Amino acid sequence: MRRSLHPTLPVALAIALAGCASVPAAGDAPVAAHASIQVDVPAVAHPGGEDAAWWFRSGAAAAAARGAMDGRARNVIVFLGDGMSLATVAAARVFEGQRRGAPGEENALAFEAFPYTALAKTYNTDAQTPDSAGTMTAIASGVKTRIGHLGAGPGVVSGDCAGTPANTLLTLLELAESAGLATGIVTTSRLTHATPGALYAHVPDRGWESDANLPADAAAQGCRDIAAQFVATPFGDGPEVTFAGGWGPFVPKGLVHPGHGDVGGWRLDGRNLLEEWGQRHPGGGFAWDPAQLDDALASPGPVLGLFAASHLPYELDRNAASPPPLDVLTRLAIERLQASGQGYVLLVEGARIDHAHHAGQAHRALAETVAFSDAVRAAVEATSAEDTLVLVTADHAHTLTFAGYPRRGNPILGLVQGPGAEEPGRAADGLPYTTLGYANGPGHRAARPDLSAMDTAAPDFRQEATVPLGSETHGGEDVGVWARGPGAWAVRGTLEQHALFHVLVQATPSLRTRLCEAGGCDANGVPVELPDPARFRAAR
Ligand SMILES: [Zn+2]
């Protein structure tokens, strides 16, 4: 072991930092100095020299330099707020506070109490402003890749089926399964959507959700759709618990269920992948209606709950027939994983923050963000900072802006009214304006309307947008990362997004040891070499 304590710091400063070691941070073990390990990363020409192996090593170096190898996490929970930009976080905390009758600005979302924070750079290898597939692949595989790729490295171009096998990346879920850990996925999107798909699928196009979406040449070359890849996972026995929407890509088009009519299947090959999943997991429990959830949870095997043909409903559209909210699903998943008696890796995604932003509907995005925060709180309450690393982040930003000079406590979805003002302020055109807006999207209007005559807090209201686009776009700025638990101390400074994978793996001995068994570690035990997925294809 060749470790040094903060080798780049002057001795006096290192001692001063060590002197702070006994100051406890809220919700975490006392802050201590952690060994910084040096990993050499070759200088490459950008972007041409950035191959998958280089990205993997550079991410490992960033995590090891921040002391992640000192982590002793047993469990890992990743919370992914899809499209949860920093403006979204700030507005959502005010929104949540105001729902309780407070001014709001002083409020904090659950993860804002975490002791460690960082900023993450989200770009894809070929895109300045990224998408959810490339970004989640970075977080899930430790390799930054192209826009639209799931579990496939930057060495293959979009849609190239034949080039994908040689560029397949090992994912966090596959690594965990192969290390004998339990795994889980909880999301409000379709299970085949980009964020959950990055944990188990390997495709050069995120659109290949069912066979109906798979181009004929890709099918002829042997590529399988994302839903089929979920059911066929060759890594261990697959997730122990999965709660999501999106049974559509798993069942045949035209499938009729007694009493429910056409269930909204997508598949053209006639396969019912949910039946196939049941055959692969004889002790498993499936639920497609919340009323079946208790029975599914009573089964001895893995649990798969898909509660909608497509995405789960927005929080603001919740009714008595809706599936349980994200915090309840998160708690159920954690209980299931804890009962396995093994360490576990769990992904929880608040997927519809992103969808609401694309629609230019800030109220919906903020309500989804608060529900996401509630899920984080549920996980914190159900786990211990002694053994569970909880990391909260977003895959990418959006163009939401939080602007003007509204007074303290001004309704976050309302018109800007300044401190001491008797009525909303007027823009240069004589019309009022809202605090929240978008740089682009469907909220663009040819002429500015008089918003004082509109309900700007209605769920379907679209905030004004500068540039007309049918769908509001992602934003290219950094996103926040919040962490608590063993290894959380490595979450600081500005990180390339793919380094988050390395923080998680290095801080969890069962995961990093599994990579070392396959021969990918340096003399300090740091996993530095791009893993070959073929070496992990059997559970131990
Ligand atoms: Zn999006």
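**Briefing: sheet, zinc site and ring contacts**

Strands β4 (residues 241–245) and β8 (residues 303–306) run parallel and are joined by four bridges. The model described here is predicted. Both strands belong to an open sheet of ten strands with mixed pairing. The points below cover this sheet, a zinc ion held by D354, H358 and H474, a cis peptide bond between H46 and P47, and contacts that involve aromatic rings.

**Sheet and packing helix**

- The strand order of the sheet is β7-β8-β4-β3-β9-β1-β10-β16-β2-β17.
- The edges are formed by β7 (285–287) and β17 (494–496); each has a single partner strand, so one side of each lacks a neighbour in the sheet.
- From one strand to the next, the twist averages 15°.
- Within the pairing of β4 and β8, V241 is placed opposite V303 of β8.
- Helix α11 (residues 326–339) lies across five strands of the model, namely β1 (75–81), β3 (182–190), β4, β8 and β9 (344–350).
- The direction of helix α11 is at about 170° to that of β9.

**Zinc site**

- Which atoms coordinate the zinc ion? The donors are two OD atoms of D354, NE2 of H358 and NE2 of H474, at 2.0 to 2.4 Å.
- The angles among the four donor atoms range from 56 to 158°, and the site is irregular. A tetrahedral assignment would require all angles to lie between 85 and 135 degrees, so the range of 56 to 158° does not meet it.
- Along the chain, the donors follow the spacing D-x3-H-x115-H.
- Why does the pair D354 and H474 tie together separate parts of the chain? D354 lies in helix α12 (residues 352–358), whereas H474 lies in strand β15 (residues 474–475), so the pair connects parts that are 120 residues apart in sequence.

**Cis peptide bond**

- The peptide bond that joins H46 and P47 is cis, with omega about 0°.
- P47 is located in the loop between α1 (11–19) and α2 (52–65).
- Most peptide bonds are trans.

**Aromatic rings and charges**

- The model has ten aromatic pairs.
- Ring pairs link F79, F111, F372 and W482 into a cluster.
- K144 lies over the face of Y123, at 3.7 Å from the ring centre.
- The ring of Y314 has the charged end of R352 over it, at 3.9 Å from the ring centre.

Methods: Residues numbered from 1 in each chain as written. Predicted model: local features only at pLDDT ≥ 70, side-chain atom pairs only at ≥ 80, totals over all residues. Heavy atoms only, no water. Phe/Tyr/Trp six-rings, centres within 6.5 Å; stacked < 30°, edge-to-face > 60°. Lys NZ or Arg CZ within 6 Å of the ring centre and 35° of its normal. Pairing = 2+ DSSP bridges. Helix = DSSP H or I, 4+ residues; strand = E, 2+ residues; numbered from the N terminus. Axes fitted to C-alpha atoms, helices over the stretch in contact; angles between N-to-C directions. Contact = heavy atoms within 4.5 Å. Donors = N, O, S within 2.8 Å, 3.2 Å for Na, K, Ca; no water. Tetrahedral: all angles 85-135°; square planar, octahedral: opposite > 155°, others 65-115°.
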